[in-house]
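Hello,

Here is the structure I promised to pass on. Have a look at it first, and then read my notes underneath.

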Amino acid sequence: MKQFAFRRGWLFVVIGVCCTLYTTVVYANDADSVSSRIRNLKRVTVSAERATQNISAPMPTQTITSSTMQNLGMQSLADAARRLPGVTVKDYGGLGGLKTVSVRGLGAEHTAVLYDGVMVSNCQAGQIDIGRFNMDDVETLTLSVGQQNDLLQSARSYASAGVLSLKTKNPLEGTDKPFELKARMKGGSYGMINPSVLWAQRIGATTTFSLTGNMTRADGQYPFTLVNGKRISEEKRYNSDVMSWYAEGNLYQKFKDGSRLNTKIHYYDSERGLPGSVILYNNMSNERLWDKNAFVQTRYQKAFSEKWRIQAEGKYNYSWTKYEDTNVKYQGGKKTDVNKQQEYYLSAAALWMPIDGLSVSWSNDAALNTLQNNFPENQEPYRLTWLSALNARWKWKWFMLSGTLVSTVVDEHVKSGNKPADKRRLSPCFSLACQPFLSNDLFFRVMYKETFRVPSFNDMYYEQTGNTALRPENAHEYNFGITWKSKPWRFVESMMLTADAYYNKVDDKIVALPSMYVWRMMNYGRVDITGVDISLQSRINVADIVGLSLSGVYSLQRALDMTEQSSKTYKHQIPYTPKHSGNVAIQVENPWVNIGYSVVLVGDRYCMRQNTSANLVHGYNEHTLSLSKTFDLKRCSIRLQADVANLTDTQYDVIKYYPMPGRSYRGIVEVKF
Amino acid sequence: MKRKNLFLLMLCMVFGLVFTSCDENNDGDNGGGGNVIENIDPSDRVFILNEGNYNSNNSGIDMYSPCGGADGTSLFVKNVYMNQNGEGLGDTGQDLISHDGNLYASITGSSLLVKMDNAAKKLATISFDASEGQPRYLAAKNGKIYVTLYGGYVAKIDAGSFQKEAMVQVGSNPEGIVECNGKLYVCNSGWGYDNTMSVIDIATFTVEKTVEVATNPNEIIAAGGKIFIQSYGGAYPDYDYQVQMYDPASGSLERLTAATKLAAYGDVVYIVYSDTDWTTYTTTNVFSTYNIKTRELKTENYLKDMPAQLSSNGIYMIDIDPSNGDFYVSVSDYVSDGTVYRFESDGDLIDAMLSGGMNPTKTVFTN
């Protein structure tokens, strides 16, 4: 029944996509009724462009801009990321719940997260919680499968299977304003309050700074429906509160020689309850987490000539977490884990374009990561990573050929106990993009990339389960895609279609395996992933003052456990990977009130490696509606927004027994000077 | 312009329809119903507890009948608890016992003790609060149920009224418990740090003495008037899984051999030692028997014709039917539903059943 309902949901996505195509066809025939004089009338500019997509890139790249996030009423960066083709966001529910991004079935550890160009690292967990970043300051969120198209980058950003890049913006860039002041207040269901301020100031012709402060609190006590066999009960999520704040300062400096220096200092602090999975017949939940994170990062970019450009980056990161659980089963009735991580990071890159069409770049990174904790058998590990990436790209007439070779050297050190082996790898990547008809924006792209993820500190050193003998987990990615951008008829401002088919292979997977009484992290298992990602975006002028932007995404993914033929899980879909997923979004801009509506569709998944009916987690459709209006006053502008998330009040889980909130409301007031 | 309107209309329809495509959830049952059980003679019902996975609410009970099927063949019914009660058993089923014709299950994650009739129909439950701690293992004697609680207690519960009557403090994180000649013997694991066994006098319900045993004692059984304690045998990482024999009469304690699981039938203790080599992730099982009368320890495989899965995976359960000596054995990989094997007392494999859940951990005989 469920399966059917979901398929039906799918049908509508297909219809939606067809509809977009249909429109364009209709307008083609409708050209007569379009008189050129309309062009002179006041027209609405559709700022709700979903993305400035790079269709000529040899790797699948998708961007969501802040205006799209706003107009569609997206609730967080995780909410935005899950709408990108091929992305699976693991969301443990609530504002404070862990949210990680994985791309094309590869596991979150294979996705690098960049914040203003510099990688965010967490050597202990190996994966990044993007719930920790606030969408307010983020101007664009870009996912690149493989690697980013830009050749002048840190070596690190070439070393992952996917890159999720968060970019903030200098608010005064491209304006002649001397300053900008912005105050924003968000409030919503379950006690959510999120005030924020931004002050950007020009000091002199070449220097700008900005200061941001942002605070979020929520009690997180949302109701949910618990289905236990035939028993259905209304429950409430407890110990799901969160209180966090951060402050960020940016200094943007332009020098006379055209070079730029951007420096960022950031501090984040939070306390939250970890509600854990819902346990039948037992409401006890006492786990809490405290987080403190400070970092300073700087980036210098300079062009020496037409042929030479360089970039240097540096970062220092300090993060501290305290986890506490209260239960009589622990000695002293409490378990307290305190972890301290530090990172020192330097990167330098140079780009050389000796002749027209040929670009060569070389990036070198060095990083030192340390971990200290309060465990009795704390090994105090530290890791030195040396990365070097050599890139070459040749663009000639209708094709572009790129190759990358990344060398990784990881030196592992411990103050006591077993020392893991050092790791040395060479990882190649090749890609080809071609445009067979230069008059037409139709591109074909092919990519092969080899990557790996090194075991995290937890994988190697965590109490009892850690295994210092772990090897990296390997991934191989193949992609073939077509992109097409067109502005075929007047009513269609733009239309873009991308379709990619891929095959990924993961082996030597790092997993926890049981013995009779203890578990240990091991390299075990292989997963084969085949999939298709399709996206369609178009912008249409429905009427002279009404702009419409429509987008649709569909992803098909078969991620099969190929580990052992005799196993009961052989060729079963790996956990939490829907076969079908996608979304449809529509934005209507008009002089009265802007409307954003979207639906995210996720198919059936399994919560365990064995695909049995007991392990089935049903698919869901989640609808979001957002209304917004900006009033331009003399000295300032005021923006009002109201959102309803999960409009149909659907009860669903992303992770089984971590129920997601039902229908929730949010209001935003923003004043900008 | 007409076409434009048509398009808008279509658009409205599409988005309108998406709204209606919400999920309908009508999960059917996933196994046999109550009638199947009730048609089987109570003395022919064998219940198997599936522990499930930590924090996954997927523990359950399967039923097996050695000759309750058509023409006297065996019958296996999955998930009888869910089918009989229309609700799940809860999170992490730790132990299951039968006493005076009823079944009792301790569900650790759910912090719950469940009383069922001999067809797995729920009769009553008891919850334990944060200070008492979560329930672990069960023992029963003369109409009283005894349960170890992670707060460091053994609770006495009246089987009839299913009310808590008393609690006695033992060591920290008590695990296995067994009754023998008017005493209760309790393993105090301390979650790896304790190394004692508490001896409780049932009549006075007080701790009579505390015996030092190997580190991190876990499972405990009684046979031939002796107590057999399986323990981790050391602190991490120096585990030395072993079985010790305690003689209540003399107070002597003796290490017998390496062991990860124990069972007893008559005067013989059946021992299995599952050893995992982490460099290759292969597990080997060493089987041995200890004859209490002759004090003879023999390394011998008492299970013949072992399927490949059994010989190369850790043995998660070994229980013996007290009426005929049949072995019920399971293996577990924590990712898929378990398999339960039944061997005749002479070691011949008779049956292999695919469980209704993960980690089959305890077999209970109602005869």
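Below is what I found, beginning with how far to trust the model.

This is a predicted model, in which local features need pLDDT of at least 70 and side-chain atom pairs count only at pLDDT 80 or more, while totals for chains, interfaces and linings use all residues. Residues are numbered from 1 along each chain as its sequence is written, and chains are lettered from A and ligands numbered from 1 in the order in which they are written.

The model scores ipTM 0.88 and pTM 0.88. For chain B, the average pLDDT (the predictor's confidence in each residue, from 0 to 100) is 89, and 90% of the residues score at least 70. Please take care with residues 1–31 of chain B, where the pLDDT is below 50.

Chain B has 367 residues, and 49% of them are buried (20 or more other C-beta atoms within 10 Å of a residue's own, with C-beta atoms placed from the backbone). Its C-alpha trace spans about 100 × 50 × 50 Å along the principal axes. There are four helices and 28 strands in chain B; these are DSSP runs numbered from the N terminus, H or I of at least four residues for helices and E of at least two for strands.

Now to the inside. The largest nonpolar core (buried Ala, Val, Leu, Ile, Met, Phe, Trp, Tyr and Cys residues joined through C-beta atoms within 7 Å) holds 87 residues, and B:V154, B:I177 and B:Y185 touch the most other members. Strand β21 (residues 268–277) of chain B gives the largest share of this core, six residues. A second, separate core has 60 residues, including A:L77, A:L143, A:A433 and A:V602.

B:I177 is worth clicking on. Leaving aside neighbours within four places in sequence, its contacts (C-beta atoms, placed from the backbone, within 7 Å) include B:Y137, B:Y146, B:V154, B:Y185 and B:I220.

In chain A, look for an open sheet of five strands in the order β1-β6-β7-β4-β5, with mixed pairing (strands pair if DSSP finds at least two bridges between them). Strands β1 (61–65) and β5 (118–120) of chain A are at the edges with a single partner strand each, so one side of each has no neighbour in the sheet. Strand β4 (residues 111–115) of chain A runs antiparallel to β5(A), joined to it by three bridges, and A:V113 stands opposite A:V120 in β5(A).

Best wishes

Key
A residue is buried if 20 or more other C-beta atoms lie within 10 Å of its own, exposed if 12 or fewer, and partly exposed in between; C-beta atoms are placed from the backbone. Two residues are in contact if their C-beta atoms, placed from the backbone, lie within 7 Å.
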